[in-house]
Amino acid sequence: MKTVLSRAIPLAIFAHVAAASFAAAPAFAASGGNVATLAQPLAAPKQQILGDVLWKCAGDRCTAANSGGRPVLTCQRVAKEFGEVSRFASGAKEFSADDLAKCNGK
């Protein structure tokens, strides 16, 4: 017989793993990866190869390994595929408002 506790534990583990993956995104950018925050969250998680790099997006957060390419072009690809970008970091560099405007084609 299953108890309420035995059903709650898997949900608690899932919630913990999901929260940890979102909290790790800034650390991912600092370690050389790319992190984009979308202006509008996606309805469902999505993955797409952009410029030979796999981007993984869930909610309003997208992450990918650094391709070594120009960050503004990388951001533009993300904006074209997933929607307007409100924040972008490549490696340890956080985009300025001007960089984000270029990214989003404004």
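The following paragraphs describe the disulfides, aromatic pairs, internal cavity and selected residues of a predicted model.

The model is a prediction, so local features are reported only at pLDDT of at least 70 and side-chain atom pairs only at pLDDT 80 or more, while totals for chains, interfaces and linings use all residues. Residues are numbered from 1 along each chain as its sequence is written, and side-chain values rest on heavy atoms, with hydrogens and water left out.

The cysteines make a convenient starting point. A search of the whole structure gives two disulfides, a disulfide being a pair of cysteine sulfur atoms within 2.5 Å. Counting bonded cysteines along the chain, the connectivity follows the pattern 1-2, 3-4. One of these links joins Cys-57 to Cys-62 with an S to S distance of 2.1 Å; with 115° about the S-S bond, the link is right-handed. Cys-57 is buried at a relative accessible area of 3%, and Cys-62 is buried at 0%. Here, buried means under 20% relative accessible area, exposed means over 50%, and partly exposed covers the range in between, using a 1.4 Å probe and protein chains only.

In the disulfide of Cys-75 and Cys-103, the sulfur atoms lie 1.9 Å apart. The torsion about this S-S bond is about -80°, so the disulfide is left-handed. Cys-75 belongs to helix α3 (residues 71–82) and Cys-103 to helix α4 (residues 97–103), so the bond ties together parts that are 28 residues apart in sequence. Helices (H or I, at least four residues) and strands (E, at least two) are DSSP runs, numbered from the N terminus. Cys-75 is buried, with a relative accessible area of 0%, and Cys-103 is buried too, at 3%.

Next come the aromatic side chains. A pair of aromatic rings is described by the distance of the centres and the angle of the planes. Rings of Phe, Tyr and Trp (the six-membered ring of Trp) are paired if their centres lie within 6.5 Å; planes under 30 degrees apart count as stacked, over 60 as edge-to-face and the rest as tilted. The count by this rule is two aromatic pairs. Trp-55 and Phe-88 form a tilted pair, at 6.3 Å centre to centre and 35° between the planes. This pair links distant parts of the chain, with Trp-55 in strand β3 (residues 53–58) and Phe-88 in strand β5 (residues 85–90), 33 residues apart. Both Trp-55 and Phe-88 are buried. Phe-88 also pairs with Phe-95, again tilted, at 4.7 Å centre to centre and 55° between the planes. The relative accessibility of Phe-88 is 0%, and Phe-95 is buried with a value of 7%. Trp-55, Phe-88 and Phe-95 thus make up one aromatic cluster.

Thr-74 provides a link from this cluster to helix α3, in which Thr-74 lies. Thr-74 is buried, with a relative accessible area of 6%. Leaving aside neighbours within four places in sequence, Thr-74 is in contact (heavy atoms within 4.5 Å) with Asn-34, Trp-55, Ser-67 and Phe-88.

Thr-74 and Trp-55 reappear in the lining of the largest cavity. Rolling a probe the size of a water molecule over the atoms shows where empty space is left. On a 1 Å grid over the protein atoms alone, a cavity is a set of points where a 1.4 Å probe fits but cannot get out, and lining residues have an atom within 4 Å of a point. Grid points are joined across faces, edges and corners, and a volume is the space filled by probe spheres set on the points. The count is one cavity of 30 Å³ or more, and the largest cavity has a volume of about 40 Å³. The lining consists of Asn-34, Leu-50, Gly-51, Val-53, Trp-55, Ala-65, Ser-67, Thr-74 and Arg-77, with β3 and α3 each supplying at least two residues.

Two partly exposed residues complete the picture. Leu-54, in strand β3, has a relative accessible area of 38%. Beyond four places in sequence, Leu-54 touches Gln-47, Gln-48, Ile-49, Thr-63 and Ala-64. Gly-32 sits in the loop between α2 (25–30) and β1 (34–38) and has a relative accessible area of 27%. With residues up to four places away not counted, Gly-32 touches Asn-66 and Gly-91. The C-alpha atoms of Gly-32 and Asn-66 are separated by 6.0 Å, although the two residues are 34 residues apart along the chain.

Notes:
On a 1 Å grid over the protein atoms alone, a cavity is a set of points where a 1.4 Å probe fits but cannot get out, and a pocket is an open set with protein on both sides within 12 Å along at least five of seven lines; lining residues have an atom within 4 Å of a point.
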